[in-house]
Amino acid sequence: MRRRDFIKTGMLGALIAASPVSISALDSPTRPTAKAGRLNLSFRPYELKLRHAFNLARNQRTTTPGVQVQIEYDGITGYGEASMPPYLGESVASVSEFIGKLDLSQFSDPFRIEEIHEYMESVAPDNRAAKASVDIALHDLSGKIMGQPWHKIWGLNPDKTPNTSFTISYDADPVEMKKKIEETSPYKVVKVKMGLDHDKEIVEALRRHTDVPICVDANQGWNNREKALEMCHWLAERNCLFVEQPMDKAAIDDTAWLRERSPLPIIADEFLQRLPDVRRAAQAYDGINIKLMKSTGMHEAYQMAVLARALGMKVMLGCMTETSCAVSAAAQLAPMVDWADLDGNLLIANDIFDGMKIVDGKVTLNDRPGIGVIPV
Ligand code: MG
């Protein structure tokens, strides 16, 4: 990627916030120069192009807005990324505004990740994807300084990563549907998006070609608990591993009712974002889906995984449509989780990083320091 496209934060923050469209015009010799021994944060918008239109229970889309972030410290660069699917409520403008307000040059120690999170919380309470982008870049930077990948720093065994699921959605055209199913052949688990009008058709179409285990994400699409329970029984007979977010995130009592009766584990996704939500999720769900863009990055995601385990819950690791940057950052946690849904980089056509790989269906970490990525 071109360095000159990145925008320095701090002094230019107010200007960026006021005028997010003129971002490229800000790249000029007058920008502040990097301060030695200080953290220098810069960013640029980067739109992710999806290989297939995404048909979810509540919307369809062909692109996802993103922002790429760099933090430089004494000649070392850490990479980070924010991905903003519409339901999270963040945008290029809101992420640019938030990051533009940050002045990380007040920090001289890239290992003060906890303190930098406290600082970011003091700037604004939400902006989770924006915070995640800074958090990922800090982890990449500090891991590179230590010369170790984060899975090692956390003491995890990289051989213990799970298979990833690969996501497909329904297509009314049988030829297109068959093409989508054929694309799943390298993967050991297929994730099926449900909550639309064709929930059973998609599984039946899949089962005509393969008996690979599936997991189901209803994206809050089943609007009553009896229907959700009927689907759980139907899916349990068709080699399904678990059901993610069957009903509206506000339907806590109905979800608890479903959990009591379902033959399949019920996993929370839209219901939870951050660490304090994990304990709440335990009232109605068997497990949680952790995503860096919800958790504000790797720092809190790790804490969420530890807490969920302590509460006896299942842990799933997910992602948004992201480049290999954010996916590789999430993958550092993969040895801690039961299931991974780390296909975000595989779903986009314009990846700009080389990082973690899916080898024979399995999340496969490399030994590169930090989050294990290099720009391509
Ligand atoms: Mg989900």
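Strand 8 (residues 189-193) and strand 9 (residues 214-217) run in the parallel sense and pair over four bridges; two strands count as paired if DSSP finds at least two bridges between them. Within this pair, Val190 sits opposite Ile214 of strand 9. Helix 7 (residues 199-207) packs on the sheet here, touching strand 7, strand 8 and strand 9, and its direction makes about 155° with that of strand 8. Touching, or contact, means heavy atoms within 4.5 Å. The angle is taken between N-to-C directions on a scale from 0 to 180 degrees, using lines fitted to C-alpha atoms, for helices over the stretch in contact.

A word on where this comes from: the model is predicted, so local features need pLDDT of at least 70 and side-chain atom pairs count only at pLDDT 80 or more, while totals for chains, interfaces and linings use all residues. Residues are numbered from 1 along each chain as its sequence is written, and side-chain values use heavy atoms, leaving out hydrogens and water.

Zoom out, and strands 8 and 9 belong to an open, parallel sheet of eight strands in the order 7-8-9-10-11-12-13-14. Strand 7 (165-168) and strand 14 (339-340) are at the edges with a single partner strand each, so one side of each has no neighbour in the sheet. Helices (H or I, at least four residues) and strands (E, at least two) are DSSP runs numbered from the N terminus.

There's also an open antiparallel sheet of four strands, ordered 1-2-5-6. Its edge strands, strand 1 (7-8) and strand 6 (76-83), each pair on one side only. Here are two strand pairs to look at:

| Pair | Sense | Bridges | Facing residues |
|---|---|---|---|
| Strand 8 and strand 9 | parallel | four bridges | Val190 and Ile214 |
| Strand 5 and strand 6 | antiparallel | eight bridges | Tyr73 and Ile76 |

Now for helix 4 (residues 128-146): its 19 residues reach 26 Å from first C-alpha to last, close to the 27 Å expected at 1.5 Å a residue. That expected span is 1.5 Å times one less than the number of residues. Of those 19 residues, 16 are buried, meaning under 20% relative accessible area with a 1.4 Å probe, protein chains only. Just after helix 4, Gly147 has a positive phi of about 75°.

Finally, the inside: in the largest nonpolar core, of 112 residues, Trp222, Leu235 and Leu342 touch the most other members. Helix 4 gives this core its largest share, eight residues. Such a core is a set of buried Ala, Val, Leu, Ile, Met, Phe, Trp, Tyr and Cys residues joined through side-chain atoms within 4.5 Å.

Notes
Buried < 20%, exposed > 50% of the residue type's maximum accessible area, 1.4 Å probe, protein only.
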